[in-house]
Amino acid sequence: MWYLLSVLIRIKKARNEDSRHSLTCIRADGTTVGQKTTDFFIQHDLTHYAVETALGLRHAFWGLIASGWTFSDFESRTEGSAKSRALHTEAHIAEALVGTYDLELTAGRIADSVRIGRVAEVCRAHSVEAIDIAGFLPDIRSRRAELHVRWAKLNPADAMELVFDNGKQLCVTD
């Protein structure tokens with residue numbers, strides 16, 4: 001049985017260069033989780049939002065936060081651990097895709113064929129039918145660009161808010 005989970009994501013820009021940004025999530029049940037964060041992780045987390053909302057992923061980063069995971073749960077997850085094995089294939093797909101966008105920060109533009117190949121590899125590794133993401137890539141790029149522009153335009157100490165509502169249909173079943 002799948003539950004409808006949502007989370008309000010509030011990302012607040014640091015007041016000055018000597019302080020860090022903050023990321024606070026308020027779940028549908030009223031619980032909160034938050035952390036101080038860096039420019040890189042803001043970009044990374046916004047890219048997760050673009051990927052997961054465009055593909056309708058329910059069990060990746062933001063869905064896990066909505067379901068009760070904390071940020072430290074991701075840090076304590078080591079390869080082969082029970083927590084790592086418990087991750088849904090969607091979480092692996094999202095991380096593989098987001099990783100290709102992170103790579104662009106240092107390596108330059110990544111071809112869509114690389115993204116498609118990475119997702120196919122993840123699906124094979126998890127013994128699920130490959131999903132065709134090619135048609136979603138323009139939407140992901142557009143959403144990602146819009147989010148990054150919104151973030152860049154924020155004044156110090158201002159915040160942007162996003163709602164992650166993972167009531168969409170699953171793309172992948174485990």
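## Strand β1 and its neighbours

A good place to start is Leu8, whose bridge partner in β2 is Ile26. This is a predicted model, and the pairing of these two strands in it is antiparallel, with six bridges between β1 and β2. Strand β1 also pairs with β4, residues 159–165; here seven bridges join the strands, again running antiparallel. One place to look for this second pairing is Ile11, which stands opposite Met160 in β4.

Which side chains of β1 are buried? Those of Val7, Ile9 and Ile11 are, and they point to one face. Ser6, Leu8, Arg10 and Lys12 point to the other face and are not buried. As a rule, side chains in a regular strand alternate between the two faces of the sheet.

## A bridge from β1 to β4, and a lysine without one

Arg10 forms a salt bridge with Glu161, with 2.5 Å between the closest N and O atoms. This pair connects distant parts of the chain, since Arg10 belongs to strand β1 and Glu161 to strand β4, 151 residues apart. Arg10 has 31% relative accessibility, so it counts as partly exposed. Glu161, at 40%, is partly exposed too.

Now move to Lys13, in the loop between β1 (6–12) and β2 (21–27). Lys13 is buried but has no salt bridge, and the nearest side chain of opposite charge is Asp39, 6.7 Å away. Leaving aside residues up to four places away in sequence, Lys13 touches several others, including His21, Trp151, Leu154 and Asp158.

## Helix α5 and what surrounds it

Helix α5 covers residues 89–107, 19 residues in total. From first C-alpha to last it reaches 26 Å, close to the expected 27 Å. Its buried residues include Ile93, Leu97, Val98, Tyr101 and Glu104. What do the buried residues of α5 pack against? Their partners are α1 (39–55), α2 (61–67), α6 (112–125) and α7 (137–153). After the helix comes Gly108, with a positive phi near 90 degrees.

## A salt-bridge network between helices

The whole structure holds five salt bridges. In one of them, the side chains of Arg115 and Glu104 meet at 3.0 Å, N to O. Arg115 sits in helix α6 and Glu104 in helix α5, eleven residues apart. Are these two residues buried or exposed? Both Arg115 and Glu104 are buried.

Another salt bridge joins Arg141 to Asp112, whose closest N and O atoms are 2.9 Å apart. Here the link runs from helix α7, home of Arg141, to helix α6, home of Asp112, across 29 residues. Arg141 is partly exposed at 24% relative accessibility, and Asp112 is partly exposed at 26%. Through shared partners, salt bridges join Glu104, Asp112, Arg115 and Arg141 into one network.

Pro138 is also in helix α7. Its relative accessible area is 47%, so Pro138 is partly exposed. The C-alpha atoms of Pro138 and Asp112 are 9.7 Å apart, with their positions 26 residues apart along the chain.

## Aromatic pairs

How many aromatic pairs are there? The count is four. Phe40 and Phe41 are edge-to-face because their planes stand at 85 degrees, with ring centres 5.0 Å apart. Phe40 is partly exposed at 37%, and Phe41 is partly exposed at 41%.

Phe61 and Trp62 are also an edge-to-face pair, 4.7 Å from centre to centre and with 75 degrees between the planes. Both Phe61 and Trp62 are buried. Ring pairs link these two and Phe71 into a cluster.

Definitions and conventions. Residues numbered from 1 in each chain as written. Predicted model: local features only at pLDDT ≥ 70, side-chain atom pairs only at ≥ 80, totals over all residues. Heavy atoms only, no water. Helix = DSSP H or I, 4+ residues; strand = E, 2+ residues; numbered from the N terminus. Buried < 20%, exposed > 50% of the residue type's maximum accessible area, 1.4 Å probe, protein only. Lys, Arg positive; Asp, Glu negative; His and termini not counted. Salt bridge = Lys/Arg side-chain N within 4 Å of Asp/Glu carboxyl O. Contact = heavy atoms within 4.5 Å. Pairing = 2+ DSSP bridges. Expected span 1.5 Å × (residues − 1). Phe/Tyr/Trp six-rings, centres within 6.5 Å; stacked < 30°, edge-to-face > 60°.
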